[in-house]
Amino acid sequence: MELPDFNKAAYFTKRTLDDRGGGITGEIILWRMKGEKEFKYILDCPFCKEHSECESIEFEKKPYKFRCPACDKIIRIGKLKEALKKRRAIEKKKAAEAAK
Ligand SMILES: [Zn+2]
C-alpha cells in the first residue's frame, strides 16, 4: 500500500508500538483522507511481528484501537503525549540498566 498525499489527509500518524514489556517492537502508520470516514493502516505488530495492511477500518472514538489481524491482540493508538512519555520512561530505564 502506498502512503497518502499528506495534503489530502485529514489525519495522519506514525507511531512506534511497544509490546507492553518495555520493548519497542512494532510500528503503525494510520491515516484518514479528507471526506472519508474510513481509516487505512500499515501495521508491524509489536506482539507477533506480522506485517498487515488495512484499506478500510472505522473507529468510534478515541483512543483508536483494533485487533491485530494476525494474532488478535489489541493495538491501541494512544495520545501522542502519552506515547512520548512512555517512550521516555523506557529509554530512561534502559539508560539506568546500561549504567549498572
Ligand atoms: Zn499481531
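Exposed, for a residue, means over 50% relative accessible area, while buried means under 20% and partly exposed is what falls in between. Keep those cut-offs in mind for the views below, which come from a predicted model.

**Figure 1. The whole protein has 1 helix and 6 strands.**
Start at the N terminus and the elements come in the order β-β-β-β-β-β-α. Along the principal axes, the C-alpha atoms fit a box of roughly 50 × 30 × 25 Å. The protein has 100 residues, and 32% of them count as buried. About 7,100 Å² of the protein is exposed, with 49% of that supplied by carbon and sulfur atoms. Take the contacts between residues at least 6 apart in sequence: 38% of these join residues at least 24 apart.

**Figure 2. Here is proline 69, in the loop between strand 5 (64-67) and strand 6.**
Is proline 69 buried or exposed? Its relative accessibility is 56%, and exposed begins over 50%, so proline 69 counts as exposed. It still has partners from elsewhere in the chain: setting aside neighbours within four places in sequence, proline 69 is in contact with Tyr41, Leu43 and Ser52. Aspartate 18, the subject of the next view, is 51 residues away in sequence, and the two C-alpha atoms are 17 Å apart in space.

**Figure 3. This view moves to aspartate 18, in strand 1.**
With a relative accessible area of 17%, aspartate 18 falls under the 20% cut-off and is therefore buried. Which residues does aspartate 18 touch, not counting those up to four places away in sequence? They are Gly23, Ile24, Thr25, Pro46, Phe47 and Lys86. The side chain of aspartate 18 also reaches the backbone nitrogen of arginine 20, at 2.7 Å.

**Figure 4. Two residues that are not glycine, arginine 20 and aspartate 72, have a positive phi.**
Arginine 20, whose backbone nitrogen we just met, sits in the loop between strand 1 and strand 2. Its phi is near 65°. Arginine 20 has a relative accessible area of 57%, which means it is exposed. Aspartate 72 belongs to the loop between strand 5 and strand 6, and its phi is near 70°. At 46% relative accessibility, aspartate 72 lands between the two cut-offs, so it counts as partly exposed.

**Figure 5. A cis peptide bond runs from lysine 62 to proline 63.**
Omega for this bond is near -5°. Look for proline 63 in the loop between strand 4 (51-57) and strand 5. Both Lys62 and Pro63 turn up again in the lining of the second largest pocket.

**Figure 6. Methionine 33 is part of strand 2.**
Methionine 33 is buried because its relative accessible area, 15%, is under 20%. Beyond its neighbours within four places in sequence, methionine 33 is in contact with Pro4, Asp5, Lys8, Ala9 and Ala10. Phenylalanine 6 is 27 residues away along the chain, with 8.7 Å between its C-alpha atom and that of methionine 33.

**Figure 7. The largest pocket has a volume of about 490 Å³.**
Its lining takes in 24 residues, and Thr16, Asp18, Arg76, Ala83 and Lys86 are the closest to the pocket centre. Two or more lining residues come from each of strand 1 (9-18), strand 2 (24-33), strand 6 (74-77) and helix 1 (80-99). Which element gives the most to this lining? That would be helix 1, with 7 residues. Sorted by class, the lining has 12 nonpolar, 2 polar and 10 charged residues. The buried aspartate 18 from Figure 3 is in this lining, and so is Lys86, one of the residues that aspartate 18 touches.

**Figure 8. The second largest pocket has a volume of about 160 Å³.**
Who lines the second largest pocket? The residues are Tyr11, Arg15, Lys62, Pro63, Tyr64, Arg76, Ile77, Gly78, Lys79, Leu80 and Glu82. At least two of the lining residues come from each of strand 1, strand 6 and helix 1. By class, 5 are nonpolar, 1 is polar and 5 are charged. Arg76 appears here and is also listed among the residues closest to the centre of the largest pocket.

Technical notes
Residues numbered from 1 in each chain as written. Predicted model: local features only at pLDDT ≥ 70, side-chain atom pairs only at ≥ 80, totals over all residues. Heavy atoms only, no water. 1 Å grid on protein atoms, 1.4 Å probe; cavity = no way out; pocket = protein on both sides within 12 Å on 5 of 7 lines; lining within 4 Å. Points joined across faces, edges and corners; volume = space filled by probe spheres on them. Helix = DSSP H or I, 4+ residues; strand = E, 2+ residues; numbered from the N terminus. Nonpolar A, V, L, I, M, F, W, Y, C, P; charged D, E, K, R; others polar. Buried < 20%, exposed > 50% of the residue type's maximum accessible area, 1.4 Å probe, protein only. Contact = heavy atoms within 4.5 Å. Polar contact = N/O pair within 3.5 Å; in protein donor to acceptor, adjacent residues only side chain to side chain. Areas by Shrake-Rupley, 256 points an atom, 1.4 Å probe, with all protein chains shown as cover.
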